[in-house]
2 protein chains.
Amino acid sequence: MTNIRVLLVDDHPVVRAGLRAMLADFEGVQVVAEAADGGAALAELSKLHTLGEPVDVVLMDLQMGSGMDGVTATGKIKAGEAGTPPPPVLILTTYDNDADILAAVEAGASGYMLKDAPPEQIRQAVVSAAAGQTALAPEVAARLMGRIRNPVHALSAREVQLVELLATGMSNRAMARELFISEATVKTHLVHIYSKLGVDNRTAAIAVATQRRIIRSQ
Amino acid sequence: MTNIRVLLVDDHPVVRAGLRAMLADFEGVQVVAEAADGGAALAELSKLHTLGEPVDVVLMDLQMGSGMDGVTATGKIKAGEAGTPPPPVLILTTYDNDADILAAVEAGASGYMLKDAPPEQIRQAVVSAAAGQTALAPEVAARLMGRIRNPVHALSAREVQLVELLATGMSNRAMARELFISEATVKTHLVHIYSKLGVDNRTAAIAVATQRRIIRSQ
DNA sequence: CCGCGGATCAACCGTTCGGTTGATTGGGCA
DNA sequence: TGCCCAATCAACCGAACGGTTGATCCGCGG
C-alpha cells in the first residue's frame, strides 16, 4: 500500500471539489483533508500529525482571498515543528509570473503547477512531490530558464522600490522626498526602469510591473 | 421532470471537474456539455440545439486564457440564432470589480457569482437563472448598490472604460485612437475621473481605482 | 589594479499632461 | 416642453514628465 496522503488548500470550494474529484480517479492518491487558507492548512497539518496520520503532500493555491497566503504558509510549513520532516508543498495556481514562482521556490515549494494543466500532469506532479522530487509545469520551467539565461531585464532592489512608490501614484518630487534623493536621481532610475521593462512612460511601467508581478497590486 | 440542462464553460479542467462534481450533488441540475472557451461554447450550443437538446443555463468563467473570452461569448450567445430564445448566461468568476461586472451585465449576463461562493449559493444562482431571474452574489449586489446609492463618486461606464485603458499604460493620444474620440475628450474624461476619485494625476487615479476595485488589479 | 555596474546628481529641452474655459449634441426625466 | 447631464470637441498655458549628456562615488570581481 503506497497511498499518497494529500492535503488540499484552496479558498474556492469549486476548485477543492474539482481537485478532490480529479484525484479520486487516481489509484494511490487520497485526499485526507482540506483547508480554505494557509492558517487552516497549518492547523490541519498539526491536527493530522498528532492523530498519527501524517500528510504526504500539500497541494496549495498561491493566492488566497483572505487569511494566510500560499507563500507565507509554504514558509511556515517548511519551518515546521522540530523533529518532524515537513511535507512537500506543491503549488497549484492560475498565474505563471516570475515573482510568484520565485517567491514560492524561495519559500520552499517543491513544485509549481498551473490550474489549466491536464489531470494526468497534476497526478504526475503529486507523485513526484511525494517522492521528494521537484515538479514544475513546462510553462513554469521555461520561464525560469528564461530568467536565468537572460537576467538583463531584472530590476535592481532600488528600482523595484521606485516602481512600488510609482504604483501608489506619487510624483517624481514626492518619490525624491520619500527616498531622500534628488528628483534627478529619481528620473535616472525611471529611465532605467523604462528601458528594462520595455516601456516609455510611468503608467506603462506600472502596468508591466503589475502584470509581471514585480510589484503586487491591491 | 424539471431538469435544468447546464453548459459549463471554463478553461481550467480542475474548475470544470469541480463544478461538475458540485452540480452532480444537486437534484434537478444536469451538466450536458463542457467547453474550454467561448468559441467552443458557441459550437456546443448550436450542436445541442440541432440535436434537439437545448441548454437551459450557460455557466461561464469570465476570463479564458485563450480563445474567446466570457464577455464576448456572452454577447454572441445573447445575439443568438433568430427564432430561438438564447439561454441565460451565468457568470462565475474569481474577481469582483466594477469593470468586469458592468461589462458582463452589458453583454447580457443574467447573473454574476464568485468562485469562492458556497455550493448552495451556486445552485441557487443556477436555478434562478434557469427561471429567467437575475442572480447576483451578495458581494456583487453590494457593489452595485453602492454605485447606485452614492453616484457622486461613481464613474460612468465610459469613465470606467477610460480608467481601464489608463491602467494599461496608454497615453492620451493612444486612448483617443483606441476609443475613436479626440484627445481633448480623453482629457475631459480624465479630469472628471480625477475629480471623482479625489486625485490629481493619472498614476494616482490608477492606484485609487485599483484599490477600490473599479478595475481589476491582477 | 582597473573595469564594470549601481546609485547619486546637474543642466537642458521637447513633449505630454493637467487644468480651465467654453461650446455642442443627444438622451432621460420632470 | 424644458432642464440636466453625459459625451463630445477646441484652444490655451503652466507644470510635470521623458530623454539626453555628462559627471562623481563606491563596491565587487577578474
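In chain B, six strands make an open sheet, in the order S2-S1-S3-S4-S5-S6 and with parallel pairing. Strands here are DSSP runs of E with at least two residues, helices are runs of H or I with at least four residues, and both are numbered from the N terminus. Two strands pair if DSSP finds at least two bridges between them. At the edges of this sheet are strand S2 (29–35) and strand S6 (135–136) of chain B, each pairing on one side only.

Before I go on, the ground rules. This is a predicted model, in which local features need pLDDT of at least 70 and side-chain atom pairs count only at pLDDT 80 or more, while totals for chains, interfaces and linings use all residues. Residues are numbered from 1 along each chain as its sequence is written, chains are lettered from A and ligands numbered from 1 in the order in which they are written, and side-chain values use heavy atoms, with hydrogens and water left out.

Back to the sheet in chain B. Strand S1 (residues 4–9) of chain B runs parallel to strand S3 (residues 57–60) of chain B, and four bridges join them. B:Val6 has B:Val57 as its bridge partner in S3(B).

Now chain A. Its open sheet of six strands has the order S2-S1-S3-S4-S5-S6, with parallel pairing. Strand S2 (29–35) and strand S6 (135–136) of chain A are at the edges with a single partner strand each, so one side of each has no neighbour in the sheet. Strand S1 (residues 4–9) of chain A pairs with strand S3 (residues 57–60) of chain A over four bridges, in the parallel sense. There, A:Leu8 is opposite A:Leu59 in S3(A).

Next, side chains. The count of salt bridges over all chains is 18, where a salt bridge is a side-chain nitrogen of Lys or Arg within 4 Å of a carboxyl oxygen of Asp or Glu. One of them is between B:Arg16 and B:Glu34, with the closest N and O atoms 3.0 Å apart. This pair links distant parts of the chain, 18 residues apart: B:Arg16 is in helix H1 (residues 13–24) of chain B and B:Glu34 in strand S2 of chain B.

How many aromatic pairs does the structure hold over all chains? Zero, taking a pair as rings of Phe, Tyr and Trp (its six-membered ring) with centres within 6.5 Å, stacked if the planes are under 30 degrees apart, edge-to-face if over 60 and tilted for the rest. Charges over rings do occur, counted if NZ of Lys or CZ of Arg is within 6 Å of the ring centre and within 35 degrees of the ring normal. In chain A, the charged end of A:Arg123 sits over the ring of A:Phe26, 5.8 Å from its centre. In chain B, B:Arg123 has its charged end over the ring of B:Phe26, 5.8 Å from the centre.

That leaves the DNA, starting with strand C. A residue is near a strand if one of its heavy atoms lies within 4 Å of it. There are 18 residues around DNA strand C, and those that come nearest are A:Arg158, A:Ser182, A:His189, B:Lys187 and B:Tyr194. Of the strand C atoms within 4 Å of the protein, 67% belong to sugar or phosphate and the rest to bases.

As for polar contacts, these are pairs of N or O atoms within 3.5 Å; within protein, one must be able to donate a hydrogen and the other to accept it, and residues adjacent in sequence count only if both atoms are side-chain atoms. A polar side-chain atom of A:Arg158 is 2.7 Å from a phosphate oxygen of DNA strand C. At A:Ser182 a polar backbone atom is 2.5 Å from a phosphate oxygen of that strand. A:Thr188 has a polar side-chain atom 3.1 Å from a base nitrogen of DNA strand C. H9(A) gives the largest share of this surface, five residues.

Then DNA strand D. Here 65% of the strand atoms within 4 Å of the protein belong to sugar or phosphate. The side chain of A:Lys187 has an N or O atom 2.7 Å from a base oxygen of DNA strand D. B:His189 has a polar side-chain atom 2.6 Å from a phosphate oxygen of DNA strand D. The largest share of the surface near DNA strand D is from H9(B), with five residues.
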